[in-house]
Amino acid sequence: MRLSDAVMATFARHETFHPRYGWFRKAYATAATRQHGFSEADAPVNMGVGKNMVRAIKFWGQAAKIITKDPQSENQRAPEMVPTRFGHALFCDDGWDPYMEDPGTIWLLHWMLLAPRSHLPVWWIAFNELHFVEFDDKALEIAVRGQLESSASVPAPHESSMRKDISALLRTYAPATRSGRSSLDDVLDCPLRELGLIGASAASGNYRFALGAKPTLPDEIVLFATLDFLSRRPPTGNTVTLSQLANESGAPGRAFKLTESDMQRILEAPLSTLEGVSLMSSTVGQQLSWTRDVSEAAVDVLHRYYGAGMDDAWAGENGDLPVDREDLPIEREGPIADLLAARERQPVRSAA
């Protein structure tokens with residue numbers, strides 16, 4: 001997949017904050033319950049965070065494809081936010097995981113952060129285009145800049161912006177380290193660090209991608225990511241090799257750091273009961289074959305995994321589209337709205 005097709009040219013939009021617990025849900029709740037939730041003057045008070053954190057939450061919500069620009073905004077140069085179809089299916093009151101209680105949801109959000117088109121080009125390059133396993137900050141910076149300079153359609157950012165994105169990547173996934181400027185919240189409050197995708201080399205002390213199967217990664221999330229990926233890439237038929245799913249840029253094997261044999265072992269069980277998608281042997285090795293729309297199959301996988309879901313849930317590029325605001329007022333009465341509504345309620349005064 002070409003870099004220009006895989007990423008948007010956005011750099012350092014996170015205000016130097018890595019994503020924190022609750023921010024993905026808060027991004028959805030803000031967009032779902034308040035039409036001007038991110039732009040109104042009292043947004044920091046309503047969301048219970050600082051002003052720069054409001055912008056960071058907005059960015060991470062967009063990066064995870066939970067919220068998107070509202071096409072009905074009067075000012076399209078500074079549009080309001082609205083939940084995506086995917087974000088609504090995940091976090092609405094009757095959705096897949098409205099309270100982010102399932103460990104698989106963190107893996108799902110990791111996939112969505114990288115899924116084309118990604119708002120995080122530095123992250124996408126680090127996971128998909130770098131062929132070394134062990135690295136330090138400088139090696140990562142040199143490799144990322146080389147990839148950007150070789151792609152004329154994605155302009156390289158200022159050096160400071162690239163370093164901010166690399167710092168955010170490492171603080172999101174690498175083992176926590178305390179420094180003079182970091183608070184305890186900075187060290188502990190990052191859900192994606194639990195995935196263990198980047199560790200430390202015992203020999204050199206450098207960073208190291210964790211290759212192979214992950215004990216907390218659900219098979220169904222890998223299958224969803226596989227089908228979601230296939231729905232986002234240009235159509236090339238109704239088969240794909242497991243080698244491609246493990247090694248192609250943008251594929252789930254790259255995002256989860258899985259080998260071809262890992263992919264085969266992981267996909268066998270959930271595929272055995274999924275209609276219209278199957279594994280088959282061929283002269284080029286094991287292949288995934290399908291006879292139905294892969295984005296519909298991806299939604300079925302999450303319905304089964306979470307044991308809940310709405311009839312109008314979407315995956316793939318259709319899942320990235322904005323939900324109709326007419327479908328959102330119900331959120332004002334459910335538990336998701338409580339994230340914000342509690343701050344707006346005034347105590348009832350008894351009659352004198």
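Hi everyone. Before the first helix pair, one definition: the axes I talk about are lines fitted to C-alpha atoms, for helices over the stretch in contact, and the angles between N-to-C directions run from 0 to 180 degrees. One more thing to keep in mind is that this is a predicted model.

Let's start with helix 2 and helix 4. Their axes come within 9 Å and cross at roughly 90°. Angles of 65 to 115 degrees count as roughly perpendicular, so that is how helix 2 sits against helix 4. Which residues meet here? From helix 2 we have Trp23, Phe24, Lys26 and Ala27, and facing them from helix 4 are Met53, Ala56, Ile57, Trp60 and Gly61. Sorted by class, this contact of helix 2 with helix 4 holds 7 nonpolar residues, 1 polar and 1 charged.

Let's stay with helix 4 for a moment, because it also turns up in the lining of the second largest pocket, where it supplies the largest share, 4 residues. Helix 4 covers residues 51-63. The volume of this second largest pocket is about 330 Å³. In total, 15 residues line the pocket, and the ones that lie nearest its centre are Arg13, Lys58, Phe59, Gln62 and Lys69. What classes make up the lining? For the second largest pocket the split is 5 nonpolar, 4 polar and 6 charged residues.

Next, a look at a loop. Ala12 is found between helix 1 (3-6) and helix 2 (23-33). This residue is not a glycine, although Ala12 has a positive phi of about 55°.

Now on to helix 6, residues 104-114, and helix 11, residues 219-232. At what angle do they pack? The angle is about 20°, and the axes are 10 Å apart. That makes helix 6 roughly parallel to helix 11, and their crossing is right-handed. On the helix 6 side, the contact uses Gly104, Trp107, Leu108, Trp111 and Met112, which meet Ile221, Phe224, Ala225, Asp228, Phe229 and Arg232 in helix 11. By class, that contact of helix 6 with helix 11 comes to 8 nonpolar, 1 polar and 2 charged residues.

If you follow the chain on from helix 6, please look at the loop that leads to helix 7 (121-128), where Arg117 has its place. The peptide bond from Pro116 to Arg117 is cis, and its omega is near -5°.

My last pair is helix 8, residues 137-149, with helix 9, residues 159-173. How do these two cross? Their axes come within 11 Å, at an angle of roughly 125°. Helix 8 and helix 9 are therefore oblique to each other, and the crossing of helix 8 and helix 9 is right-handed. Helix 8 brings Asp137, Lys138, Leu140, Glu141, Val144, Arg145 and Leu148 to the contact, while helix 9 brings Glu159, Met162, Arg163, Ile166, Leu169 and Leu170. Here the contact of helix 8 with helix 9 has 7 nonpolar and 6 charged residues, with no polar ones.

That's my tour, so thank you for listening!

Notes. Residues are numbered from 1 along each chain as its sequence is written. This is a predicted model: local features need pLDDT of at least 70, side-chain atom pairs count only at pLDDT 80 or more; totals for chains, interfaces and linings use all residues. Side-chain values use heavy atoms; hydrogens and water are left out. On a 1 Å grid over the protein atoms alone, a cavity is a set of points where a 1.4 Å probe fits but cannot get out, and a pocket is an open set with protein on both sides within 12 Å along at least five of seven lines; lining residues have an atom within 4 Å of a point. Grid points are joined across faces, edges and corners, and a volume is the space filled by probe spheres set on the points. Helices (H or I, at least four residues) and strands (E, at least two) are DSSP runs, numbered from the N terminus. Ala, Val, Leu, Ile, Met, Phe, Trp, Tyr, Cys and Pro count as nonpolar, Asp, Glu, Lys and Arg as charged, and the others, Gly among them, as polar. Angles under 35 degrees count as roughly parallel, over 145 as roughly antiparallel, 65 to 115 as roughly perpendicular and the rest as oblique. A crossing is left-handed if the near helix is turned anticlockwise from the far one by less than a right angle, and right-handed if clockwise. Contact means heavy atoms within 4.5 Å.
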